[in-house]
Amino acid sequence: MTLLVTVFAAVTVTVIWYKTAPETKMNLGMLCFMLWGASVMWFIDAVFEYAELKAEYFTPEPSEMLNDLFLGLSVIALALIIWLVALLIKDPEGKVKAAILKRKK
């Protein structure tokens, strides 16, 4: 489930990045790389888990699926938080700097 969730998020962000690539300043490439990296990590984990469990891999318990879903969503949330912090630090359009300078006056 973690692999499925992160791959869907990675594909979605990649499509958005590809459509807005030349004129965007939102640094979506960083978010793409983080989500694709997580997807590769979960894929390798799935391969090793399949090698260990064989056919049992395809019949998980509902509680395991729910835990995997929460873990996948947590990884996506963490990637979004890291991306947002990096975006606020980079401040490509100067809006954060303008808000801080406006508040000081």
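Where does Gly37 lie? Gly37 sits in helix α2, with helices (H or I, at least four residues) and strands (E, at least two) taken as DSSP runs and numbered from the N terminus. The model is a predicted one, so a local feature needs pLDDT of at least 70 and side-chain atom pairs count only at pLDDT 80 or more, while totals for chains, interfaces and linings use all residues. Residues are numbered from 1 along each chain as its sequence is written, and side-chain values use heavy atoms, with hydrogens and water left out.

Back to Gly37, then. Gly37 comes out as partly exposed, with a relative accessible area of 38%; buried means under 20%, exposed means over 50%, and partly exposed is in between (1.4 Å probe, protein chains only). Along the sequence Gly37 and Ala10 are 27 residues apart, yet in space their C-alpha atoms are 9.1 Å apart.

Helix α2 also holds Val47, a partly exposed residue at 42% relative accessible area. Val47 joins Val40, Phe43, Ile44 and Phe48 in making a nonpolar surface patch of about 500 Å². For a patch, residues need over 30% relative accessible area and no salt bridge; like charges are joined within 9 Å, and nonpolar side chains (Val, Leu, Ile, Met, Phe, Trp, Tyr) within 5 Å. A salt bridge here is a side-chain nitrogen of Lys or Arg within 4 Å of a carboxyl oxygen of Asp or Glu. The areas come from the Shrake-Rupley method with a 1.4 Å probe, and for residues only the protein chains shown count as cover.

Now for the empty space. The largest pocket holds about 360 Å³, and among its 17 lining residues, Met1, Glu49, Tyr57, Pro60 and Asp68 are the closest to its centre. On a 1 Å grid over the protein atoms alone, a pocket is an open set of points with protein on both sides within 12 Å along at least five of seven lines, where a cavity is a set in which a 1.4 Å probe fits but cannot get out; lining residues have an atom within 4 Å of a point. Points are joined across faces, edges and corners, and the volume is the space filled by probe spheres set on them.

Who builds the lining? At least two residues each come from α1 (2–20), α2 (28–53) and α3 (62–90), and α2 gives the most, with five. By type, the lining splits into nine nonpolar, two polar and six charged residues; Ala, Val, Leu, Ile, Met, Phe, Trp, Tyr, Cys and Pro count as nonpolar, Asp, Glu, Lys and Arg as charged, and the others, Gly among them, as polar.

The loops have their own quirks. Asn27, in the loop between α1 and α2, has a positive phi of about 60° although it is not a glycine. Asn27 is partly exposed at 28% relative accessible area. Lys54, in the loop between α2 and α3, likewise has a positive phi, near 55°, in a residue other than glycine. Lys54 counts as partly exposed at 48%.

Helix α3 includes Leu69, partly exposed at 26%. The C-alpha atoms of Leu69 and Leu4 are separated by 8.9 Å, with their positions 65 residues apart along the chain. Phe70 is in α3 too, partly exposed at 48%, and its C-alpha atom is separated from that of Leu28 by 24 Å.
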